[in-house]
Structures are given as structure tokens and as C-alpha cells.
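User: I would like to go through the labels on this model and hear the reasoning behind them. Keep the answers short, please.
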Amino acid sequence: MTELAVLITAFTTLFIIIDPPGLVPVFIALTQGMTPAQRRTIGLRACLVAGGLALAFLFLGEAVLGFIGISMPAFRIAGGVLLFLTALDMLFERRQTRRQGNAEDGADPDHDPSVFPLALPLIVGPGAITTIILLAGQAQSAVDFAVIAGVLAANLLIVFLFFLASDPIERLLGRVGINVVTRVLGMLLAALAVQFVLDGLRSFGMAN
């Protein structure tokens with residue numbers, strides 16, 4: 001593949017898989033009640049962690065999972081289970097209960113969704129990891145790897161810019177709107193989590 005073909009293919013594929021606009025409502029729901037500064041910190045940390053993970057899979061690929069004896073189907077199932085737990089939190093407002101318990105301190109120190117579920121598996125999930133490994137397999141030179149790494153950085157920058165726009169979006173929706181969105185996204189995340197598990201089981205030949 002030429003460098004231009006690698007660039008176009010990598011950017012388009014990763015943008016569709018990561019879906020930066022689609023992450024905004026989830027980011028709003030997971031950081032509800034935080035200040036703009038806290039949201040910027042969470043968003044930046046999530047993108048940096050996602051970038052580190054993406055680069056690791058780009059240059060090491062399946063060897064990362066194979067080295068510790070984890071197959072891609074197993075990784076997909078584990079990600080689905082963890083994502084389902086997050087969906088339950090969103091559906092039943094468990095995070096809100098924890099925040100109320102820390103209301104006097106004005107903060108919830110235990111609530112940091114930057115690594116999980118934002119960086120993994122929402123930004124860099126099984127689909128993105130698989131895509132990165134496939135793109136790395138098509139790379140034929142160091143320049144190709146550099147192009148793919150640059151495309152990864154560009155997509156993560158777009159994700160961060162969408163995260164920065166979460167405050168005006170939240171003001172537009174209002175508290176009631178955010179609560180409704182949180183419940184709906186909880187259902188969608190639960191369904192996505194189940195789909196991850198089913199895909200993993202199917203890869204093992206345990207589901208049709």
C-alpha cells in the first residue's frame with residue numbers, strides 16, 4: 001500500500017470505529033457533576049492512556065496478548081463484562097449515590113473514569129484493537145507505521161476536542177435531559193457489552 005492509501009484507510013477506519021461524536025454523550029454521563037477543569041483532566045488522561053495502549057498494539061500486536069496468554073476473544077468477553085458493570089452504574093445511579101456520600105468534601109475521589117471505561121474499552125476497545133493490528137499487518141515500511149501512528153494521534157485529538165465541547169452540550173440538554181440520556185446510554189452500553197461477550201463466545205465456537 002502507498003503511504004496515501006495507508007493514510008486514507010487508517011484514518012477512515014479508525015474514525016468510524018472510535019466514533020468521537022458518539023463518545024460525547026457517554027463522556028457527559030460518566031463525568032456528570034464534575035467541573036470543566038476536572039472534565040478536561042479526565043478527557044486528556046483518557047486520550048493519553050488510549051494513545052499509549054493503541055501504540056502498544058500497533059507495534060506489538062497480538063504478541064502483547066499472546067505473551068500473557070490472552071486471546072482476542074477472551075479480551076472481548078472481559079471487556080464486555082466490565083462494560084456491563086458500568087452500564088449498571090449508569091442505569092441505577094450508583095455513582096450519584098457515592099457522590100452524595102462525599103458531598104461535604106465537594107468531590108468524589110474514587111470516581112475517575114479516564115482509564116476505565118473511557119480509554120478502555122470505549123476509545124480503544126476490541127474493535128479498535130483489532131483494526132490497529134490489521135493495519136499494522138498491512139504496513140510495509142517504517143513510514144507506514146509512522147503514518148498509522150499519526151492517524152491514531154489525529155483521531156485521539158478529535159476525541160479530546162469533542163470532550164472539550166461536552167460542557168456546552170450538557171448545558172443545552174439540562175439536568176433532566178442528562179438523566180434521560182444517562183439511562184438510555186446505560187441500556188445501549190449494556191446491549192453493547194452483551195454483544196462483545198457474544199462475539200467473544202462466537203469466536204470460541206460457543207455461540208451461533
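User: Where is D19 placed?

Analyst: This is a predicted model. In it, D19 sits in the loop between α1 and α2.

User: Why is D19 called partly exposed?

Analyst: Its relative accessible area is 35%. Buried needs under 20%, and exposed needs over 50%. The 35% of D19 falls in between, so D19 is partly exposed.

User: What makes the phi of D19 worth a mention?

Analyst: D19 has a positive phi of about 55°, although it is not a glycine. Most residues other than glycine have a negative phi.

User: How far is D19 from I123 in space, and how far along the chain?

Analyst: Their C-alpha atoms are separated by 8.3 Å. Along the chain, D19 and I123 are 104 residues apart.

User: Which peptide bonds are called cis, and what are their omega values?

Analyst: One joins F116 and P117, with omega about 10°. Another runs from L120 to P121, with omega near 10°. Most peptide bonds are trans.

User: Where do P117 and P121 lie?

Analyst: P117 lies in helix α7, residues 114–123. P121 lies in helix α7 as well.

User: Now A50. Why is A50 called buried?

Analyst: A50 has a relative accessible area of 0%. The limit for buried is under 20%, so A50 is buried. Its place is in helix α3, residues 36–60.

User: What is A50 in contact with, leaving aside neighbours within four places in sequence?

Analyst: The partners of A50 are A119, I123, V124 and L156. Contact here requires heavy atoms within 4.5 Å. As for S114, its C-alpha lies 9.3 Å from that of A50. A50 and S114 are 64 residues apart in sequence.

User: And T131, buried or exposed?

Analyst: Buried. T131 has 10% relative accessibility. That is under 20%, so T131 counts as buried. T131 lies in helix α8. Beyond neighbours within four places in sequence, T131 is in contact with T13, L14 and I17.

User: Why does L198 get the label partly exposed?

Analyst: L198 has 34% relative accessibility. Partly exposed lies between the 20% and 50% limits, so L198 counts as partly exposed. L198 lies in helix α10. Its C-alpha is 8.8 Å from that of G80, with the two positions 118 residues apart in sequence terms.

User: What makes α2 roughly perpendicular to α10?

Analyst: The axes of α2 (residues 20–30) and α10 (residues 166–203) cross at roughly 95°. Angles of 65 to 115 degrees count as roughly perpendicular. The crossing falls in that range, which makes α2 roughly perpendicular to α10. The two axes come within 8 Å.

User: Which residues make the contact of α2 with α10?

Analyst: From α2 come V24, P25, V26, F27, I28 and A29. From α10 come S166, I169, E170, I178, V181, T182, L185 and L189.

User: How do the residues of that contact divide into nonpolar, polar and charged?

Analyst: The contact of α2 with α10 has 11 nonpolar residues, two polar and one charged. Glu counts as charged, so E170 is a charged residue in this contact.

User: How many cavities of 30 Å³ or more does the structure hold?

Analyst: One. The largest cavity has a volume of about 40 Å³. Rolling a probe the size of a water molecule over the atoms shows where empty space is left.

User: Which residues line the largest cavity?

Analyst: The lining is L14, I18, A54, I123, V124, A128, I132, L152 and L156. Helices α1 (3–18), α8 (126–138) and α9 (142–164) each supply at least two residues.

User: What makes the lining of the largest cavity nonpolar?

Analyst: Its residues divide into nine nonpolar, no polar and no charged. Ala, Val, Leu and Ile are among the types that count as nonpolar.

User: Last, the chain as a whole. How many helices and strands are there?

Analyst: The chain has 10 helices and zero strands. Buried residues make up 43% of its 208 residues. Among contacts with a separation of 6 or more, 83% come from residues 24 or more positions apart.

Technical notes: Residues are numbered from 1 along each chain as its sequence is written. This is a predicted model: local features need pLDDT of at least 70, side-chain atom pairs count only at pLDDT 80 or more; totals for chains, interfaces and linings use all residues. Side-chain values use heavy atoms; hydrogens and water are left out. Axes are lines fitted to C-alpha atoms, for helices over the stretch in contact, and angles run from 0 to 180 degrees between N-to-C directions. Helices (H or I, at least four residues) and strands (E, at least two) are DSSP runs, numbered from the N terminus. Angles under 35 degrees count as roughly parallel, over 145 as roughly antiparallel, 65 to 115 as roughly perpendicular and the rest as oblique. On a 1 Å grid over the protein atoms alone, a cavity is a set of points where a 1.4 Å probe fits but cannot get out, and a pocket is an open set with protein on both sides within 12 Å along at least five of seven lines; lining residues have an atom within 4 Å of a point. Grid points are joined across faces, edges and corners, and a volume is the space filled by probe spheres set on the points. Buried means under 20% relative accessible area, exposed over 50%, partly exposed in between (1.4 Å probe, protein chains only).
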